[in-house]
Amino acid sequence: MRDQSLDVAVTGMHARLPGPEDAEKWWAAVCAGEVLTSKLDLQELREAGVPRRVLESASYVPVRGRIPDSERFDAELFGISPREAELMDPQHRLMLEASWAALEDAGRSPVADTLRTGVFASSSTSKYMARILGNPEEVSSDAMEALTVGTGRDFMASRVAYKLGLQGPAVSVLTACSSSLVAVHLAVQALNNGDCDQAVVVAASVGFPQGGYTYVRGGIMAADGRCRPFDAQAGGTVGGSGVVAVVLRRLEDIAADAPAYGVIIGSAVNNDGSGKAGFSAPSAAGQAAAIRAALQAGDVPADSLGYIETHGTGTYIGDPIEWTSTSNALRAAGAGDARIAVGAVKANIGHLDAAAGLASLFKALQVVGRGEVPPVANFGALNPHLVDIDSPLYVPTETQQWRGPEPRRAGISSFGIGGTNAHVVIEAPPDPAPPLPSAADRAPVVLLSAVRPDALERVAAGLAEHLQRHDVAVVDVAHTLSVGRAPLRERLAVAGSTRGEIAEALRGDGRQAVRGRVPLTGARPLVFVLPGQGSQRPGMALPFLERLPGFDTAMCECLDVMEPALAQTVRRALLDRDFPVSRLQQTDLAQPALFTVEYAAVRALAGVGLRPVALAGHSLGEVTAACLAGVMDLRTAVEFVALRARSMHDCPPGAMLAVACSEDGARALLREAGTTGAVGLGIAAVNGPENCVISGPVDAVDALAQLIQDRVASRRLLTAHAFHSAAMEPAAAALRGCLPSGAAGVSSLPFVTNVDGSVVPQGTKVPLTRFADSVRAPVRFGDGLAALLAVFPDALAVEVGPGQALSAMAVATGMDAVALSPGKDPRPGHEFAMALAALWTQGQPLDPAVLAPAGRRLHLPGTVFGGARHIAPETKWPAAEAAAVPEPGALAARAPESAPATEAGSGAAPVPAEEVAAAWRDLLGHTHLAKDAGFVDSGGDSLLLIRLARRLEQTFDLEIPLRELMLAQAFGDQVRLVERLVTSSSPEVSDE
């Protein structure tokens, strides 16, 4: 059994590669064998600053694998100023976005993750910086430091770590073309060494501008703009742009908590050393050694592989070396004939330089994850140099289902100029854990956010489309978005029990959606308003109990200090929707039940991040507020409420009438009622500018209602007593009598006192007799809200309890309000959850887990990037003289460049020995050469050899076969080769 303790899972990915932006469409294009590079518009390239002389050259090939909008950047998302963004290399900007997106894809918050996360970053050399420095007159001295940090590859990993708050190792990895796959190897090592718990590996390669290239015969670039790996017509590679990021974690750590695209089971890195023809030449031995080492690290035989994603540059010499090295390594490790399919993503998208290894890993993970093997694009017939090689490899010419052994395993190779070779072995991901069961009546809330309104709309649309196309559990969707996304300013919350309901709400068609924006000044202060008797209903604790962690514990704290029989009845009334309504309307039960709900809810809300700056209770709610503000301890408050309820219950019967008028208007109505003989009426509450309550004997209240029915809107309240009137004097006396002389408490939180409608400041000593007096006195709740608004002018009122009467009063006073449990929702907690979601959309520090029950993390669409274009004005060089830009002609017919004269003005024919010597001197720095001096021994390599050939071709106006020049390594041999070519190219002398 293979030891899996060092396996590393790929939990998140993000790629912007040439071709369709949609990942499914990109994969479909690759499976169709499509070439995703583009022929670029030459006029547009000239306007972008590509020199005219370059574009006009017949050797210029205007082809590249490009990504659109590479200059766009969501600077606001990362807290970067526009000027700083301008001075950052687009590659570094894209790496920031890619790292963010890959973490989101892994279901981890990009800025609030608890895992110790490392960053391993690679990029190509900054052409952006070179472009700016090429215009020195426009570069200010104060911009130089920012430019250096913004484009220097020393800083790219650290910037990602800084902007995302990642505290693991931050390492820049630079090994030329193999950089990003070497970075994967280093990240795997860091994870297994305990340096980090999670790693982001990110790489980008984007030229500025994204242009074509000048073909040099014998170079690595293709003359016709086509990359043909392992093909008989292979003639070089094509440049490409892109950015890729992956998130890695130890497989044993993720369990069912995270999804995986695949598992890295082995990796290796080495260098060719000096055992090759030149510094830039590849080595079959070095490449084979890296492959063997990766297989050994993974403890798997070669015949367990079914696919190899090759380095595959499409060069006529490099391909045979790679094919040979890979074949030898796999054959020696036990692979059979033609059993392993090869892939070469460069044929589709071009060579991404430092990002090439990650692009290959991205494709290989698709292969093992989906079980589909795409064809190699541009492939017609096998390179004849490969035909006779005994190889386990074969080139697929059409998309095929996986033919290899199970579990699906693949290798990825990436080789850098200079000889640093990397190979990684991956395996298909383990089966996902089954969805967690969830209650059908607890529809989860899906939370989305973005930096701009348009971005939020695009995120919502993308998620809606994803839900329509993929069969995923809604609880997993909600859980992933609650724990795996950064909370940004523009916010949307939607609810639904099915994917269809959520998708409908995301599109704006459903009713279960709420949208908000976090104020620039931060979350508004909260004022909790606590209702009094009349709002109670059977089962009123269920919404809080179902959704709010800690509510049950706080509720039991209240019940435990009640008289047992009362506690048992209160519990039934709170949790049973079928509890008799008539019984709960009775004062002796209604008040203890309401106190318990309000107290427990406020305590539980604090546990999930919602804490008030002040409290305002209506009638009974004032007692709850006093307890929560520290004026009474819980036992004193519970006993006080129980006595209050019994005493008020025992008072004479009466009635209450709400009237839509001011306090002065209510007094006028009382005076009018007094002339008709009605007695005992009084103002029980002033709830707002046009909201008062009158109480008194039943007959008197009925008579008043009849008197004003056509003039003033009124509503009879569901109560059997005339609260806050003279009828309550016996209850007030009983409460005063039970309180110890001088009993008082000190407020730890501001709260409203109903007797005079003032705000009791924090630290105030409050006599408990005040709460006995309030039973008899009118409730001046409207004045209290106005006083709170004066102290907290930006406050948001939250009604904690059943109903929404106090929310309406707060709005009438000028405050915004949210009612947590406004109606009788048949689904417990649904309205409560949406009310909490409304608070979250306004920036309140609510723990999102309250709205989304536990589930699995999924790969879901994430942030949609689309900021403004950020291009430094220093990159805009003065426009060159206008000239027509010709289409490139056949390279064979291109005009030769002017050859330099051996002596200025001499006009003498160049001498081969002198010109070869001059070229060696300029390229290698040697002034004295022996005839047997070797080119490589003198410090040359394959790239310098190409430059040597190019120079001699220009000088002598002839074509030098690179193979012959490579064989003629000695100085004297090269002189004789040039002399022979010059002689054979001279016109024959005619006899005439």
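This report walks through a predicted model, from its overall dimensions to one sheet and one residue.

## Overall shape

Let's start with the whole chain. The protein has 992 residues and a radius of gyration of 39 Å, whereas a compact globule of that length would have one near 30 Å. Along the principal axes, its C-alpha atoms fill a box of roughly 150 × 65 × 50 Å.

You will find 36 helices and 32 strands here. Buried residues account for 57% of the protein. The exposed surface comes to about 39,400 Å², with carbon and sulfur atoms supplying 52% of it. Among contacts between residues at least 6 apart in sequence, 78% join residues at least 24 apart.

## A four-stranded sheet

Now for a closer look at one sheet. It is open and antiparallel, with four strands in the order β24-β25-β23-β26. Strands β24 (682-688) and β26 (714-716) each have a single partner strand, so one side of each is left without a neighbour in the sheet. From one strand to the next, the twist averages 20°.

Five bridges join β24 to β25 (residues 691-696) in the antiparallel sense. Within this part of the sheet, G688 stands opposite N691 in β25. Helix α26 (residues 663-674) packs on the sheet and touches both β24 and β25, its direction making about 160° with that of β24.

## R53 and its surroundings

Elsewhere in the chain, R53 sits in helix α3 (residues 52-56). R53 counts as exposed because its relative accessibility is 66%, and the cut-off for exposed is over 50%. The C-alpha atoms of R53 and A837 are separated by 61 Å, and the two residues lie 784 residues apart along the chain.

Methods. Residues numbered from 1 in each chain as written. Predicted model: local features only at pLDDT ≥ 70, side-chain atom pairs only at ≥ 80, totals over all residues. Heavy atoms only, no water. Pairing = 2+ DSSP bridges. Helix = DSSP H or I, 4+ residues; strand = E, 2+ residues; numbered from the N terminus. Axes fitted to C-alpha atoms, helices over the stretch in contact; angles between N-to-C directions. Contact = heavy atoms within 4.5 Å. Buried < 20%, exposed > 50% of the residue type's maximum accessible area, 1.4 Å probe, protein only. Rg over C-alpha atoms; globule rule 2.2 N^0.38 Å. Areas by Shrake-Rupley, 256 points an atom, 1.4 Å probe, with all protein chains shown as cover.
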